[in-house]
Amino acid sequence: MKQLADYPTVALDDAASEILMLDQTLLPGELKLLRLSKQEDIWEAINVLRVRGAPAIGVTAAYALYLAAKACPEEDPAAFEAAVQKAADYLATSRPTAVNLFWALDRMTRAAKGNRGRSVQELKALLHEEAVAINDENTQMCLAIGEHGLTLLKPGMGLLTHCNAGRLGTVEYGTVTAPMYLGHERGYGFRVFCDETRPLLQGARLTAFELSAAGLDATVLCDNMSSALMQTGQVDAVLVGCDRVAANGDTANKIGTSLLAIAANHYGVPVYVLGPTSTIDVKTPTGKEIPIEQRPGEEVTELWYEKRMAPEGVGVFNPAFDVTPAGLISGIVTERGVLRPPYTESIAALGL
Ligand code: MRU
């Protein structure tokens, strides 16, 4: 029987003009590979989190834009460029917070616009190349984050994470999980604690699933138990992903991350954000300017219950992300190394 490791998070079947993706809304109960070709279906898959996690959303958007370009007629280069831009604008409305979506779409449209004068056929080949590069760089980036992240950790440590910044949120290895996987291969014996991550349960359904499937020691806890766990002294570091890091280091990540960071700082536990430099948005000065996605209230009141568990008509506050102030973050681990405070300086030094 096929295991989780046999499925790609997201992949391109160019011959069939389809994007393959594991439907993450069904995990861990069902392993179902989707084959999507219509732009509306790919948009929907990003919007309802069949594919999710900032880097994986970026790769999906790049492949989707390539498929949109591939379907265009070839006679008129100006009409082709306009059609590619229109498809990019549409895909950009699927989710607002993870900057990798916009970063990937921007990289793709620049590849087309930067090569005006080439035939449409050549432009299609260039867009294919660019999308494949975005995918392949993702794997290299995760491995580098893993190596840099591992320098911060010691064998036997207890690591607490939130949401899923694993291979299911990237293409392979993950960001937060990369040092965990590398450490596991090298006999570090980490104990990983996974916040369940209300309301969509990415920690319990996805992180605990992928880690335990790979043979790591994973323990699930409800989000409101992390302070109690830290009080026991079992957490040596908090490792979280990111959807957008502002120029000053303020970091948007899954809702609940800021609460975890506040508790960790209280107990003197270091908080590390792990993510690629493509998630750093130097055009966003501080966390205040990061757009935060608001999601349907039913995710809180109904989704995991046989019948609605909150009173009808009650208001629901359901932001998908929160911003952890830079002051609570001990280090930002990128593929280019570990950034330390003051982040305004260490981020500017990257020259992004
Ligand atoms: O709403 P999600 O599941 O897309 O949120 C994902 C996260 O918050 C991750 O931590 C982040 O995107 C990094 S994934 C490597």
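This report walks through the cavities, a helix pair and some unusual backbone spots in a predicted model.

**Spaces inside the protein**

Let us begin with the enclosed spaces. The model has 2 cavities of 30 Å³ or more. The table sets them side by side.

| Cavity | Volume | Nonpolar lining residues | Polar lining residues | Charged lining residues |
|---|---|---|---|---|
| Largest cavity | about 190 Å³ | 10 residues | 11 residues | 4 residues |
| Second largest cavity | about 50 Å³ | 5 residues | 2 residues | 4 residues |

Take the largest cavity, which holds about 190 Å³ of space. Its lining is made of 25 residues, and the closest to the centre are Arg52, Gly53, Ala54, Asn164 and Asp243. Which elements give two or more residues to this lining? They are helix α2, covering 54–70, and strand β9, covering 251–254. The largest share, 3 residues, comes from α2. You can also look at the largest cavity by domain: domain 1 (4–142) and domain 2 (144–348) each supply at least three residues to its lining.

Now turn to the second largest cavity, with a volume of about 50 Å³. Around this space you will find Arg198, Pro199, Leu200, Gln202, Lys254, Ile255, Arg295, Glu299, Asn318, Pro319 and Ala320. Keep Arg198 and Pro199 in mind, as both names return below.

**Two helices side by side**

A pair of packed helices is described by two things, the angle between the axes and the distance between them. Here, α4 (residues 99–113) packs with α5 (residues 120–150) at an angle of about 150°, and the two axes are 9 Å apart. How do the two helices run relative to each other, roughly parallel or roughly antiparallel? An angle over 145 degrees counts as roughly antiparallel, so α4 is roughly antiparallel to α5. The crossing of α4 past α5 is right-handed.

**Unusual spots in the backbone**

Most peptide bonds are trans, and most residues other than glycine have a negative phi. With that in mind, some places in this model are worth a look.

Where do cis bonds turn up? One links Arg198 to Pro199, with omega near 0°. Pro199 sits in the loop between β5 (191–195) and α7 (202–213), and both Arg198 and Pro199 belong to the lining of the second largest cavity. Another cis peptide bond runs from Pro341 to Pro342, where omega is about 0°. Pro342 lies in the loop between β14 (337–339) and α11 (343–348).

Leu49 shows the other kind of exception. This residue is not a glycine, yet its phi is positive, near 70°. Look for Leu49 in the loop between α1 (39–47) and α2, the helix that also gives 3 residues to the lining of the largest cavity.

How values were computed: Residues are numbered from 1 along each chain as its sequence is written. This is a predicted model: local features need pLDDT of at least 70, side-chain atom pairs count only at pLDDT 80 or more; totals for chains, interfaces and linings use all residues. Side-chain values use heavy atoms; hydrogens and water are left out. On a 1 Å grid over the protein atoms alone, a cavity is a set of points where a 1.4 Å probe fits but cannot get out, and a pocket is an open set with protein on both sides within 12 Å along at least five of seven lines; lining residues have an atom within 4 Å of a point. Grid points are joined across faces, edges and corners, and a volume is the space filled by probe spheres set on the points. Helices (H or I, at least four residues) and strands (E, at least two) are DSSP runs, numbered from the N terminus. Ala, Val, Leu, Ile, Met, Phe, Trp, Tyr, Cys and Pro count as nonpolar, Asp, Glu, Lys and Arg as charged, and the others, Gly among them, as polar. Domain bounds come from an automatic or database domain assignment. Axes are lines fitted to C-alpha atoms, for helices over the stretch in contact, and angles run from 0 to 180 degrees between N-to-C directions. Angles under 35 degrees count as roughly parallel, over 145 as roughly antiparallel, 65 to 115 as roughly perpendicular and the rest as oblique. A crossing is left-handed if the near helix is turned anticlockwise from the far one by less than a right angle, and right-handed if clockwise.
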